[in-house]
Amino acid sequence: MNQFLRKASISCSRRFFFRALSIAAAGSGLLYAESNSDYNATISLSVPAPLSESLSLPWSFHLIPLRPSFTSPDNRHFGILPLFSPRVSPVPSTDREKECPGVVAGDSSKPSCGCLGRDTIANAAARVGPAVVNLSVPQGFYGITTGKSIGSGTIIDSDGTILTCAHVVVDFQGMRGSSKGKVDVTLQDGRTFEGTVVNADLHSDIAIVKIKSKTPLPTAKLGSSSKLRPGDWVLAMGCPLSLQNTVTAGIVSCVDRKSSDLGLGGMRREYLQTDCAINAGNSGGPLVNVDGQVVGVNIMKVLAADGLSFAVPIDSVIKIIEHFKKSGRVVRPWLGLKMIDLNEMIIAQLKERDPRFPNVDRGVLVPMVTPGSPADRAGFHPGDVVIEFDGKPVQSIKEIIEIMGDRVGIPLKTVVKRPNDILVTLTVIPEEANPDM
C-alpha cells in the first residue's frame, strides 16, 4: 500500500511539474533547478505577476530523483534554464535603436538586426512584381505557326526596355543577334503590347526587347550581384508554365559557378547558382534580392536534379547592355589562351611537382595556347604565369578580362614568368571572338 501511495505521489508531482512548465512557456517564466549530491532536486518557477495573480498553484516542487537539465560551468549542481516563450518582453525603443539603427518599433515589415522580417520577401516581390512581364513568341516554319515560346522578362527602363533571355525571343538555329523579331508582351496588370527584339547576344543568352506605351510603365531597379554571398536569400520571379505572377524563394548556392563546371564549351562564363524553383517559362525572369533589386536573369536549370538553378549575374548583364548601346552587339576580345587562377595552395602543389615552377605569390597560369591564335603569334608558351597585363599587376582571369574590355586590335604588353623565374615581356593584339565559338 505504501508503495502504491508513493507512486501516486510521484505521478501527481510530475503532472504539477509539466503543468508548471507549460504555464511558464506561456508567461515567459524562468526555471531554476538545484540539486545536492544525492540528486534531490528543487524546481522553482518564476512567473510574471499578472499571470501568478490569476493562478492559485504552488510554485515550488520537489521531485525525487531529478537531474538538472544542464549544468552551470561554475557549479556542477546548479543550472538556470530559460524557457522558450512566444511572448518577448518589450525592449525600450531607445535601446532597440542603438542595437538596430533604422528599425522602427512595431514595424514588422522591416528586418530586425539583419534578420528577415515577416514581410521581407513579400515586400521584395511587391517592388519588382509589376515590372515582370510574360513574353510569347510564335514558332513555326514556312509561315505556319506550330506553337509558342513562352518566357519572362523585366522592364528596366520607363522607355519600354525589357531585359530577357535570348533563347526566349530568338531562334538559335535560324535567326541571329541582328534579328528584329516580334514578341507578344503581357504585363502583370493585364495590358498587352507588341514588342520588338532590338538586341540579342547568343553567347551570354541575354536579349533586349522594346515596347511602346502611352501610359507609364512600371520598372524594376537593378542591384549589384558582386555583393551576393552564398546563403543570401533571393527570389525567382516569372511565368513558369505560363503561370503569370509566380514567385519562388531560395538561397544563393554559389556566386561564381563557371560554365566549364556545367560542361558548357566555348568562352568562359560565370553564373549565379541558386536553389530557387524555376521551370520552363521562368527563363528571362529576374532574380531578386531581399531589397527588391534585380541581381540576375534566370536562364536555366538542371533537369535531372532539384534545387540547381542558374542565373546570369546582373553586373555582367549591365556590361552587355553597355555594349549594346555602344556597338549594337557585344564585342569580345579573344587571345587564344586557356587560363587558371593561382593561389598559394595551388602554387605550393605545382612547386612540389616541379621545383622549376616560377616563384610567385599570385598570378594566372597558362596551361594551353591555341595554335594560330593571337597569343600564339605573340609568343606565349604553355606554363607561362601572367603577372602583368597592360602595365597592371593581375591576379585573376577576371582582372585580365576587365582590362581588355572591348579593345580589339589594340596591342597590349604582357609580362610573364617562366620556369627558373625567367621574365619575358610579350605584346599581344586581341582579335574579336567568333560568336559561334
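**Exercise 1.** How many salt bridges does a search of the whole structure find?

*Solution.* Keep in mind that this is a predicted model. The search turns up 14 salt bridges.

**Exercise 2.** Take the pair Asp-159 and Lys-210: find where each residue sits, then decide whether each is buried, partly exposed or exposed.

*Solution.*
- Step 1: check the distance. The closest N and O atoms are 3.8 Å apart, and a salt bridge needs them within 4 Å, so Asp-159 and Lys-210 form one.
- Step 2: find the places. Asp-159 lies in the loop between strand E6 (144–157) and strand E7 (161–165), while Lys-210 belongs to strand E10. They're 51 residues apart, so the pair links distant parts of the chain.
- Step 3: look at accessibility. Partly exposed sits between 20% and 50%. Asp-159 has 41%, so it is partly exposed, and Lys-210, with 31%, is partly exposed too.

**Exercise 3.** Which parts of the chain does the salt bridge between Asp-406 and Lys-326 link?

*Solution.*
- Step 1: the closest N and O atoms of Asp-406 and Lys-326 are 3.1 Å apart.
- Step 2: Asp-406 is in the loop between helix H9 (397–404) and strand E23 (412–418), and Lys-326 is in helix H6, 80 residues apart.
- Step 3: Asp-406 has 27% relative accessibility, so it counts as partly exposed. Lys-326 reaches 63%, and exposed means over 50%, so Lys-326 is exposed.

**Exercise 4.** Which residues are linked with Lys-392 in a network of salt bridges?

*Solution.* Look for Asp-390 and Arg-407: together with Lys-392, they make up the network.

Methods
Residues numbered from 1 in each chain as written. Predicted model: local features only at pLDDT ≥ 70, side-chain atom pairs only at ≥ 80, totals over all residues. Heavy atoms only, no water. Salt bridge = Lys/Arg side-chain N within 4 Å of Asp/Glu carboxyl O. Helix = DSSP H or I, 4+ residues; strand = E, 2+ residues; numbered from the N terminus. Buried < 20%, exposed > 50% of the residue type's maximum accessible area, 1.4 Å probe, protein only.
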